[in-house]
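Let's walk through a protein model together, one strand at a time. Keep the 3D view open and turn it as you read.

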Amino acid sequence: MTDLNGGKGTTQHTESTLEELRQQVDQLNNQLVELLSRRGELVAQIGRLKSSEGGTKFYDPKREEDQLRLVRQANKGPFTDAAVSAIFKEIFKASLDLEETREQRKLLVSRKKHPEDTVLTIGDVRIGGPEAPVLIAGPCAIESEKQMDSAAQLVAELGGKILRGGAYKPRTSPYGFQGMGVEGLKLGRQVADRYGLQFMTEVMDTRDVEVVSEYADILQIGARNMHNFSLLREVGAVRKPALLKRGLSATMEEWLYAAEYILSGGNEDVIMCERGIRTFEKWTRNTLDLSAVALVKQESHLPVVVDVTHAAGRRDLLLPLAKAALAVGADGIHVEVHPQPATAMSDNEQQLDFAEFREFVTGLNL
Ligand code: PEP
Ligand code: MN
């Protein structure tokens, strides 16, 4: 065997040198890790100082640039300046993550802040934690007294607790039915009271938060408005429970931060609602993300419900999806039901008729 010096008989000696060199590298690695830990502690101290002064921004590009300049000046090789800069950029990124993780620990929506499940009490309804899953049902849009009355009667008969119905409708086309407005709110309120139900309806505009709060028991924030930070702040300022739908393409983190907007305004009664996200799939209107239900329940103490109607966009999937949602720990199921879905003013592809709704609720066996 030939060693690196091309000689024979020195193999033993070279291997032990290699071993020694490796040991030195290991020792240096240990020292580097120790130095990194010390650096991490210092960065954390800086973060705490910044936080105590009210700062929430930890990323400081100018400071990073200054550090990189000093590091490059100190670099004596053999690594190139570019290689050393790349290594330090990774260190900066890890340090920033450290700070952001500390921030996240402080989020009001997080279990790290609030380890026990939040249980909301809305009239005589309790939702979250050990409570039995709640059924939220009703027509997509409030269209008439007769329509709402018949739907509410059936929802109550089948054990539903919360009546839904939109008075302000977010429609893809500006020419589509936009909802009955305040007249719809009044109808929803009256009919819910008639059958001992809580009334949930969507608020789309900051200017309507006050009037919707006057009539509704729960303010629904629709998927399209999950990123409407002014609306989130406005809903954070009222003392009415809010149901926050996940945005069409919102990550779990964005969804939780949206809830944080409401909680940080002082409104702690938030229900998270997964309603499917947009994917490349065409056979369903959206893709129900059950991982988000399981994961958001782990990360957050807030109740999570699943809207099967908007997730699937087709009736045949509602029952299996609802069963699956309960299996992953959903605190409630949201579904739309209409006396004549075929002629409904919105979502007529996916609302259940009364017979189908009865079958759905029986099959779900809440
Ligand atoms: C609705 O609940 O009627 C609705 C419009 O839902 P989403 O915001 O989830 O689309
Ligand atoms: Mn709908």
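Which residue stands opposite Ile-218 in β6? Met-200 does. Before we go on, a word about where this comes from: the model is predicted, so local features need pLDDT of at least 70 and side-chain atom pairs count only at pLDDT 80 or more, while totals for chains, interfaces and linings use all residues. Residues are numbered from 1 along each chain as its sequence is written, chains are lettered from A and ligands numbered from 1 in the order in which they are written, and side-chain values use heavy atoms, with hydrogens and water left out.

Now back to the strands. Strand β5 (residues 198-202) pairs with strand β6 (residues 218-221) in the parallel sense, over 3 bridges. Strands and helices here are DSSP runs numbered from the N terminus (strands are E, at least two residues; helices are H or I, at least four), and two strands pair if DSSP finds at least two bridges between them. Together with helix α6 (residues 209-215), β5 and β6 make a right-handed β-α-β unit. Right-handed means that, with the strands pointing away from the viewer, the path from the first strand over the helix to the second runs clockwise.

Look along β6 next. Ile-218 and Gln-220 point one way, Leu-219 and Ile-221 the other, and all are buried (under 20% relative accessible area, with a 1.4 Å probe and protein chains only). Leu-219 has Ala-242 in β7 as its bridge partner, and β6 and β7 pair in the parallel sense over 3 bridges. Helix α7 (residues 229-236) joins them in another right-handed β-α-β unit.

Strand β7 (residues 242-245) has Ala-242 and Leu-244 pointing one way and Leu-243 and Lys-245 the other way, and all of these are buried. Leu-244 stands opposite Met-272 in β8. β7 pairs with strand β8 (residues 270-274) in the parallel sense, over 4 bridges, and with helix α8 (residues 252-264) the two strands make a right-handed β-α-β unit.

Finally, find ligand 1. It is surrounded by 13 residues, and Gln-220 of the β6 story is among the closest, along with Arg-164, Ala-223, Arg-224 and Arg-275 (a residue counts as near if one of its heavy atoms lies within 4 Å). An oxygen atom of ligand 1 is 2.6 Å from an N or O atom in the side chain of Arg-164, and the side chain of Arg-275 likewise has an N or O atom 2.6 Å from a ligand oxygen.

Key:
A polar contact is a pair of N or O atoms within 3.5 Å; within protein, one must be able to donate a hydrogen and the other to accept it, and residues adjacent in sequence count only if both atoms are side-chain atoms. Buried means under 20% relative accessible area, exposed over 50%, partly exposed in between (1.4 Å probe, protein chains only).
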